[in-house]
Amino acid sequence: MTELLIKNTTLVQVREQNTTILKGETLRILPKLENAWIRCQGNQILDFDTMENCPPDQGHVIDAKGRYVFPSWCDSHTHLVFAAYREQEFVQRISGMSYAEIAASGGGILNSARRLCAMSEDELFQAAHQRLKQLIASGTGAIEIKSGYGLSAEGELKMLRVIKKLKAVSPIPIKASFLGAHALPAAYKEDRKGYMDLLINELLPKIVDEQLADYVDIFCEKGFFSVAEAERMMEAGNKYGLKAKIHTNQFNSMGGIEAAIAHEAISVDHLEVVNKAEISALANSNVIPTLLPSAPFFLQDHYPPARQLIDAGLPVTLASDFNPGTSPSGKMAFVVALACIKLKMLPSEAINAATLNGAAAMELENDYGSITKGKKANLFITKPMPSIAYIPYGFTEKIVEQVIINGQLLAKELV
Ligand code: NIG
Ligand code: FE
């Protein structure tokens, strides 16, 4: 079995196995072990302690003086599989068009769907695989990926099969979400019900049969899908044992949060627009609020009220929302920086939200998201830095120096 020993380092996010999600005030506490070593065996974290008790060198040994060892980022919301970037729309927005106007004129998600339709499954896989490798090199060690640029039976199946292939080759865990209800395709413009029927009656049984999804998702938003449609999708998912992670409250508050709570969703994602009643409803539920600050950053929109959510005792989570329309980056260190700079989260809160809580938002908290004996050894070693606050402070810096996945060191030239 491979052995790896990292010495003379500071371990960050050190937890007992029973710490699974961090809510409210507990988000502030980020336990560290200074002057420490950590030993990985096979794909697991075997042991760690302070240097007085350092075991003799065995296997691969790294002296990480001045550096920190983190658990890998857990990115619980991405649209990693897509055909092409949409930088032309970025230019249109600079010139004054809004995201909604671009979407209403056939751009946006529909633009991505047309491009995806024209691309072969293999090309799509190659492009997504390349992106996945880059994200792993930037410190991501668990990820969720959505469909939603297919918008037809063939297109959605193509995307979900690509995600399934990624799962098969990926050294990090991947969760797949079925987001057929991402935008209404042009062919169903006059027949919303027909599209929902297609997704729920025809596609979902196939998806379940081929084990193509772990969750269902829907874009619950004006101009996209209604609360009633979201309820229908979540109900259908629940019938097959697929829980929901939904896009809601990005631009409007329309009742998506209450519906998600009623259907015992895992998470409600975005929450740029959220009112007090919704915050207290969330506080009385187990639904995880996932914030995606790179989307409002990129759209120059307003940011979710992270402080109010934390003050209400909620387990705020951070994810990248990597997608070609609203967040063309999956770099979690930048998400952490935005959370501190724009959402006024403390570095400790942001790091907790992007690691252990991210794992919980993918139901992976027993194996990922913290430095805990017995958990999978998905870690990164930072470059020398003065303190952990340097991560959001040095927001353009490449802070990851070495990456460990399943106890194995990634070749340096890949990082
Ligand atoms: O999470 N909000 C809906 N979906 C994506 C954007 C998708 C796109 O524009 O391609 C999001 O921001
Ligand atoms: Fe999204």
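In this predicted model, the iron ion (ligand 2) is held by His77 (NE2), His79 (NE2), His247 (NE2) and Asp321 (OD), with distances of 2.1 to 2.2 Å. Read along the sequence, these donors follow the spacing H-x1-H-x167-H-x73-D. Two of them come from quite separate places: His247 sits in strand β10 (residues 243-248), while Asp321 belongs to the loop between β13 (317-318) and α12 (332-341), so this pair ties together parts that are 74 residues apart in sequence. Both His247 and Asp321 are buried.

One of the iron donors turns up again in the internal voids. The count comes to 2 cavities of 30 Å³ or more, and the largest cavity has a volume of about 100 Å³. Its lining takes in 13 residues, and those closest to its centre are His79, Tyr99, His182, Asn323 and Thr326. His79 is thus on the cavity wall as well as on the iron ion. Sorted by class, the lining of the largest cavity has 7 polar, 4 nonpolar and 2 charged residues.

The second largest cavity holds about 40 Å³ of space. Pro71, Ser72, Cys74, Gly141, Tyr368, Gly369, Ser370, Lys376 and Asn378 make up its lining, which splits into 5 polar, 3 nonpolar and 1 charged.

Cys74, one of those lining residues, brings up the cysteines. What does a search for disulfides across the whole structure find? The tally is 0. Cys40 is unpaired in this sense, as the nearest cysteine sulfur, belonging to Cys54, is 13 Å away. For comparison, a disulfide calls for sulfur atoms within 2.5 Å. Cys40 is also buried, at 0% relative accessibility. Cys74 is in no disulfide either: the nearest cysteine sulfur is that of Cys40, 15 Å away. With a relative accessibility of 1%, Cys74 counts as buried too.

As for aromatic contacts, the whole structure has 12 aromatic pairs. In one of them, the rings of Phe70 and Phe380 lie 5.1 Å apart at their centres with planes at 5°, so the pair is stacked. Phe70 is part of strand β5 (residues 68-71) and Phe380 of strand β14 (residues 379-382), so this contact ties together parts that are 310 residues apart in sequence. Phe70 is buried, at a relative accessible area of 0%, and the value for Phe380, likewise buried, is 0%. Trp73 joins Phe70 and Phe380 to form one aromatic cluster. Another pair, Phe219 with Phe224, is tilted, at 4.3 Å centre to centre and 40° between the planes. Phe219 and Phe224 are both buried.

Phe224 leads on to the open side of the story. The largest pocket contains about 410 Å³ of space. It is lined by 20 residues, of which Ala100, Ala103, Ala104, Gly223 and Phe224 are the closest to its centre. Which helix gives the most to this lining? That is α2, with 4 residues. Both α2 (99-104) and α3 (109-117) supply at least two residues each. By class, the lining of the largest pocket has 12 nonpolar residues, along with 4 polar and 4 charged ones.

Methods: Residues numbered from 1 in each chain as written. Chains lettered and ligands numbered in written order. Predicted model: local features only at pLDDT ≥ 70, side-chain atom pairs only at ≥ 80, totals over all residues. Heavy atoms only, no water. Donors = N, O, S within 2.8 Å, 3.2 Å for Na, K, Ca; no water. Buried < 20%, exposed > 50% of the residue type's maximum accessible area, 1.4 Å probe, protein only. 1 Å grid on protein atoms, 1.4 Å probe; cavity = no way out; pocket = protein on both sides within 12 Å on 5 of 7 lines; lining within 4 Å. Points joined across faces, edges and corners; volume = space filled by probe spheres on them. Nonpolar A, V, L, I, M, F, W, Y, C, P; charged D, E, K, R; others polar. Phe/Tyr/Trp six-rings, centres within 6.5 Å; stacked < 30°, edge-to-face > 60°.
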